[in-house]
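Colleague: I should like to learn how to read buried charges and salt bridges in a model. Could we work through a case together?

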Amino acid sequence: MKKILVFLSSKLSVIILSVFLLPFFAGCSSGGGNCLECSGPQANSDLLGIYITPGQALIPTGDGKVQLRALGSYSDGRDYDITNSVIWSSDDTTVATVSSSSKNAITGGLVSANLHRAVTATCNIKAIFGQKTTVVPVTVNMYTPPSDIPMVNALAANTGAVFTMGMDASDGTEVIGQPAHTVTLTRPFAVGKYQVTQALYRSVMENNIIGLPAEPSWFTPANGFSPMDTRPVESVSYNELCSADGFFKRLNEREHSAGRLPVYMEYRLPTEAEWEFAAKGGETAQPFTYSGSNVIADVCWYTGNSSATPHAVGSKQANALGFFDFSGNVYEFCSDWFVDYTSDSQTDPKGPASGTHRVVRGGAYLSADVECTVIHRDSQDPDAASSSTGFRIVCSEK
């Protein structure tokens with residue numbers, strides 16, 4: 001079984017698609033009608049088997065779809081796409097539907113999930129090719145993020161994404177964020193579209209049992225600043241966020257209890273690798289100095305334009321994945337202990353098991369431009385709360 005986590009905005013649903021890849025075999029004599037539709041095999045090449053791929057994909061609920069491919073394995077040693085030669089159907093259209101090819105050139109194998117509630121349900125997607133049939137069980141596990149936590153999918157498929165983390169200085173000078181090294185991410189995850197706001201933090205932390213302040217931020221009316229619930233929360237420490245009755249424990253309990261978050265999923269801080277992957281805009285995004293642009297003022301509140309205060313989240317330009325404020329406004333905690341990079345390739349790195357300081361990334365409203373780049377690294381004592389440091393959330397399987 002292969003499984004994919006899909007995370008969407010607050011108005012959509014998040015889906016996990018599990019597709020069991022069931023190969024099946026169908027005979028095909030040379031020159032047969034089915035072979036003519038395979039668009040590639042030699043005339044004397046026999047169809048040895050058919051399989052469905054991939055086992056994972058992104059499916060926005062309602063109008064979003066995922067492409068299932070039917071591939072034919074032939075005796076010439078090659079696989080050919082026969083997706084539009086297959087007749088597709090679903091045995092429970094309330095769970096998911098799948099389209100077949102038509103004279104209007106609609107691509108076959110497009111699956112759309114139709115559930116709009118926090119449930120787990122399964123339907124059978126049927127693929128017919130000639131006289132043979134295969135059934136692909138599709139399980140849809142869906143939850144709906146609450147309206148106060150808009151999420152954006154960062155890595156949809158557990159086929160993995162490979163990117164270069166950090167960089168090497170071309171002129172030989174030392175760069176905080178070197179050496180460059182290859183990182184592979186295999187776990188699907190979603191990231192908060194915005195830095196966590198004062199309003200969201202307050203709604204989660206009100207009446208906590210260990211007495212943590214629900215209004216920790218410095219930039220509030222109590223300190224002479226105009227009220228702005230959409231400012232990022234700051235002045236919270238790493239240990240407060242991750243404590244026994246801290247933000248993440250309370251948020252997960254709230255969402256599990258409300259039935260919006262399956263028990264096998266959680267909200268948490270990003271790893272440093274997840275943070276940099278999302279800040280750079282994903283695997284195929286154009287490389288930028290800052291998150292979404294080479295022009296710092298387009299995407300960043302920093303010392304050159306902030307007037308020494310954080311600003312409302314989302315008031316600058318988004319990056320390629322739709323995230324705001326990865327550069328500037330406030331620094332953001334990552335879950336990793338800070339340690340110098342090596343040049344070794346890594347898969348799903350989480351940092352060392354212990355350390356003295358946690359990673360913070362992205363720069364802040366008082367930062368110089370170099371501190372707001374997508375590769376710059378910094379660190380903070382996990383007990384320290386700074387008016388320049390906040391955080392954003394990640395959602396994934398535990």
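The dialogue below takes up helix H5, its salt bridges and a buried aspartate.

Modeller: This is a predicted model, in which local features need pLDDT of at least 70 and side-chain atom pairs count only at pLDDT 80 or more, while totals for chains, interfaces and linings use all residues. Residues are numbered from 1 along each chain as its sequence is written, and side-chain values use heavy atoms, with hydrogens and water left out.

Colleague: How many residues of helix H5 are buried?

Modeller: Buried means under 20% relative accessible area, exposed over 50%, and partly exposed in between (1.4 Å probe, protein chains only). Helices (H or I, at least four residues) and strands (E, at least two) are DSSP runs, numbered from the N terminus. In H5, residues 272-279, 8 of the 8 residues are buried, so the helix is largely enclosed by the rest of the structure. Among them are Glu 272, Trp 275, Glu 276 and Phe 277. Just after H5, Gly 281 has a positive phi of about 90°.

Colleague: Which residue forms a salt bridge with Glu 272?

Modeller: A salt bridge is a side-chain nitrogen of Lys or Arg within 4 Å of a carboxyl oxygen of Asp or Glu. Glu 272 pairs in this way with Arg 377, their closest N and O atoms being 2.7 Å apart. Because Arg 377 lies in strand S20 (residues 377-380) and Glu 272 in helix H5, the pair ties together parts that are 105 residues apart in sequence. Both partners are buried.

Colleague: With which residue does Glu 276 form a salt bridge?

Modeller: Its partner is Lys 280, with the closest N and O atoms 2.8 Å apart. Salt bridges that share partners join Glu 272, Glu 276, Lys 280, Arg 361 and Arg 377 into one network. Glu 276 has a relative accessible area of 0%, whereas Lys 280 is partly exposed at 22%.

Colleague: What is the nearest side chain of opposite charge to Asp 336?

Modeller: For charge, Lys and Arg count as positive and Asp and Glu as negative; His and the chain ends are not counted. Asp 336, in strand S17, is buried yet has no salt bridge, and the nearest side chain of opposite charge, Arg 377, is 6.6 Å away.

Colleague: Which backbone nitrogen does the side chain of Asp 336 reach?

Modeller: The side chain of Asp 336 reaches the backbone nitrogen of Glu 272 at 2.8 Å. A polar atom of that side chain also lies 3.3 Å from the backbone nitrogen of Gly 351.

Technical notes. Polar contact = N/O pair within 3.5 Å; in protein donor to acceptor, adjacent residues only side chain to side chain.
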